[in-house]
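Dear colleague,

Please find the structure below, handed over for your records. My notes on it follow.

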Amino acid sequence: MIKVLVKQNNNQIVNLSITGHADSGEYGKDLVCAGVSTVGIGAMNMLAKKGFLAKGLGTIEINEGYINVVVNHTDEVCQVVLETLVVTLETMVESLSLIHISEPTRLLSISYAVFCLKKKNQDTNPANTNSRRDKNSSM
């Protein structure tokens, strides 16, 4: 399961982390992970290109199955890039029917939003499972 945590303070994103794997395909062929990685790393590259790191506005950490950005000082460009990333990930959740968006909770001026991308439930009907297996084995 891929988990996305967004922390806000006064309607400004101060931390965004993406962790985990979707496990919706075999390693290296998981299109959900590839999509999330692409939009996440693309957003981090845009932040770096626009001077986020050079200006000391915050930090970015990227490892396998992990992206984390901490915003210490924000500017409009930073917020637009991060908000675009969040909307893109939310759209992926809706479009792919990959369940779970939990509502943000309000804690004074800080809010948190967590949503997850996870593998769709497999069809439990044995007849459908066998026919799917037969189609896959003939490829």
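This is a predicted model, and the chain has a mean pLDDT (the predictor's confidence in each residue, from 0 to 100) of 76, with 68% of its residues at 70 or more. Residues 99–103 fall below 50, and this stretch has 10 contacts (heavy atoms within 4.5 Å) in the model beyond near neighbours in sequence. Over residues 105–112 the pLDDT likewise stays under 50, and the model has 18 contacts beyond four places in sequence for them.

As to conventions, residues are numbered from 1 along each chain as its sequence is written, and side-chain values use heavy atoms, with hydrogens and water left out. Local features need pLDDT of at least 70 and side-chain atom pairs count only at pLDDT 80 or more, whereas totals for chains, interfaces and linings use all residues.

The largest pocket (on a 1 Å grid over the protein atoms alone, an open set of points where a 1.4 Å probe fits, with protein on both sides within 12 Å along at least five of seven lines) is lined by 21 residues (an atom within 4 Å of a point); Gly 20, His 21, Cys 33, Ser 37 and Gly 65 lie nearest its centre. Two or more lining residues each come from strands E2 (12–20), E3 (58–63) and E4 (66–71) and helix H1 (31–49), these being DSSP runs (helices H or I, at least four residues; strands E, at least two) numbered from the N terminus. H1 gives the largest share, 5 residues.

Val 77 belongs to helix H2 (residues 76–95). Its C-alpha lies 9.5 Å from that of Met 46, 31 residues away in sequence.

Yours sincerely
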